[in-house]
Amino acid sequence: MDCEFCRIVSGDEPAEIVLDTDGVVGFLDTRPVFKGHVLVVPRDHILTLTELPDDQVTPLFSAARGVAAAVRDGLGAQGSFVAMNNTVSQSVAHLHVHVVPRTKGDGLRGFFWPRTKYAEGEAQEYAARLRAALATP
């Protein structure tokens, strides 16, 4: 199977991993809406939400909830935008939940998601801050 997210989950593709559990992996989006934008994916190759087995719903959304708290606590965001595409606008055919840090006046409007880039070494710093926030109960 040629799935970029499956390669990240298996460790065959590099990524800034911020969360790694038995059923879910969270990593920085390489083209973030805002820095600290995390993708939370099931370890299993599942295409869309409607195909997600019942026993994986809670682990996926519990992880997304934890990452939403981590972007607030670890990055100082005022809140987060949590979203998911199913087939349409799904750039990688593997279920993923976007957790995007938000602050008032950040300029995000509607469903147009402008993308940014990390400076050299910056992604590692954001990932470390998120990992630390996720490790704090």
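Here is a walk through the structure, starting with its sheet and ending with its charged pairs. Keep in mind that this is a predicted model.

Let's begin with the sheet. It is an open one, built from 5 strands in the order 1-2-3-5-4, and the pairing is antiparallel. Look at the edges and you'll find strand 1 (17–20) and strand 4 (79–83); each has a single partner strand, so one side of each is left without a neighbour in the sheet. On average, neighbouring strands of this sheet are turned by 20 degrees against each other, direction ignored.

Now zoom in on one pairing. Strand 2, residues 24–28, runs antiparallel to strand 3, residues 38–42, and 5 bridges join the two. If you want a spot to find your bearings, G26 sits opposite V40 in strand 3.

Next come the helices that go with the sheet. Helix 2 (residues 54–75) lies across strand 1, strand 2, strand 3, strand 4 and strand 5 (97–102), and its direction is at about 20 degrees to strand 5. Helix 3, made of residues 122–135, packs on the sheet too, touching strand 1, strand 2 and strand 3, and it makes about 30 degrees with the direction of strand 1.

Helix 3 is also where you'll find E122. Is E122 buried or exposed? Its relative accessible area is 18%, and the cut-off for buried is under 20%, so E122 counts as buried. Leaving aside residues up to four places away in sequence, E122 touches K35 and K117.

Over on the surface, L49, V57 and F61 form a nonpolar patch, with about 200 Å² of accessible area together. L49 belongs to the loop between strand 3 and helix 2, and at 33% relative accessibility it is partly exposed.

That leaves the charged side chains. Side chains of opposite charge can pair when their charged atoms come close. The whole structure holds 7 salt bridges. In one of them, D20 meets R43, with the closest N and O atoms 2.2 Å apart. D20 is in strand 1 while R43 is in the loop between strand 3 and helix 2, so this pair ties together parts that lie 23 residues apart in sequence. D20 is exposed at 53% relative accessibility, whereas R43 is partly exposed at 25%.

Another salt bridge links R72 and D73, whose closest N and O atoms are 2.8 Å apart. Here R72 is partly exposed at 41%, and D73 is exposed at 54%. D106 and R102 pair up as well, at 2.5 Å from N to O. Finally, D2, R7 and E13 are linked in a network of salt bridges.

Key:
Residues are numbered from 1 along each chain as its sequence is written. This is a predicted model: local features need pLDDT of at least 70, side-chain atom pairs count only at pLDDT 80 or more; totals for chains, interfaces and linings use all residues. Side-chain values use heavy atoms; hydrogens and water are left out. Two strands pair if DSSP finds at least two bridges between them. Helices (H or I, at least four residues) and strands (E, at least two) are DSSP runs, numbered from the N terminus. Axes are lines fitted to C-alpha atoms, for helices over the stretch in contact, and angles run from 0 to 180 degrees between N-to-C directions. Contact means heavy atoms within 4.5 Å. Buried means under 20% relative accessible area, exposed over 50%, partly exposed in between (1.4 Å probe, protein chains only). Patches are made of residues with over 30% relative accessible area and no salt bridge: like charges are joined within 9 Å, nonpolar side chains (Val, Leu, Ile, Met, Phe, Trp, Tyr) within 5 Å. Accessible areas come from the Shrake-Rupley method with a 1.4 Å probe; for residues, only the protein chains shown count as cover. A salt bridge is a side-chain nitrogen of Lys or Arg within 4 Å of a carboxyl oxygen of Asp or Glu.
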